[in-house]
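Me: Could you walk me through this one? I'd like to know how each label is earned.

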Amino acid sequence: MSVNVERRTDPPGDSEHVREAWELKERIHRVDGVLRQRRGFFTDAYRRSTTHLVLEDDEVIAFASVRRDGYVLFLAVDPDHRGRGLAERLIAEVAEEYQSVSCHARTTNERALGFYEHVGFEVKRRIDGYYEDGGDAYYLTLGPNSLRERLSEFVRG
């Protein structure tokens, strides 16, 4: 049996895959306890951003939604598909498009913080009470240009 993996992009204003992205985000929330957003917030943010998607047999298995300033609103990889370099590829695609790439991550989300450090993000500051539920966040930015070259290997690979 062959598996068909493809990349797609929903530009701002396009919400073709918003339902599938929401369902994946909710699955991750149930499994990992992260990515807590209200549906209206998620849908509005998705529609205003560019979303890079990875689909396997027409099912969304990973996505990154990015504002036009390079801020990563959402980065999600299906738990069953982790360890395949999908998040790295998505961040590499974003890094190729934007001069500056940034995001927030919960101070308690060790998996996300480890990933962001792995690909070269640097913690710039801590923001207490950043999230709607009172949770604290780190503001992170992607490091030096040499990292962009390393990340671009993920896009080509």
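**Rings, strands and labels**

Reply: Let's start with Phe-42: at a relative accessible area of 0%, Phe-42 is buried, since the label applies under 20%. Keep in mind that this is a predicted model.

Me: What makes Phe-74 buried?

Reply: Phe-74 has a relative accessible area of 2%, and the cut-off is under 20%, so Phe-74 counts as buried.

Me: Why is the pair of Phe-42 and Phe-74 called tilted?

Reply: A search of the whole structure turns up 8 aromatic pairs. For Phe-42 and Phe-74, the ring centres are 4.6 Å apart, and pairing needs them within 6.5 Å. Their planes sit at 40°; stacked is under 30 degrees and edge-to-face is over 60, so this pair is tilted.

Me: Which parts does that pair tie together?

Reply: Helix H2, home of Phe-42, and strand S4, home of Phe-74, so the link joins parts 32 residues apart in sequence. Both rings also belong to one aromatic cluster with Trp-22, Phe-41, Tyr-46 and Phe-63.

Me: How do you know that Lys-25 lies over the face of Trp-22?

Reply: Lys-25 is 4.4 Å from the ring centre, and the distance limit is within 6 Å. Being within 35 degrees of the ring normal is also required, and Lys-25 is listed as lying over the face.

Me: What makes S1 and S4 edge strands?

Reply: The open sheet has 4 strands in the order S1-S2-S3-S4, with antiparallel pairing. Strands S1 (5-10) and S4 (72-77) each have a single partner strand, so one side of each lacks a neighbour in the sheet.

Notes
Residues numbered from 1 in each chain as written. Predicted model: local features only at pLDDT ≥ 70, side-chain atom pairs only at ≥ 80, totals over all residues. Heavy atoms only, no water. Pairing = 2+ DSSP bridges. Helix = DSSP H or I, 4+ residues; strand = E, 2+ residues; numbered from the N terminus. Phe/Tyr/Trp six-rings, centres within 6.5 Å; stacked < 30°, edge-to-face > 60°. Buried < 20%, exposed > 50% of the residue type's maximum accessible area, 1.4 Å probe, protein only.
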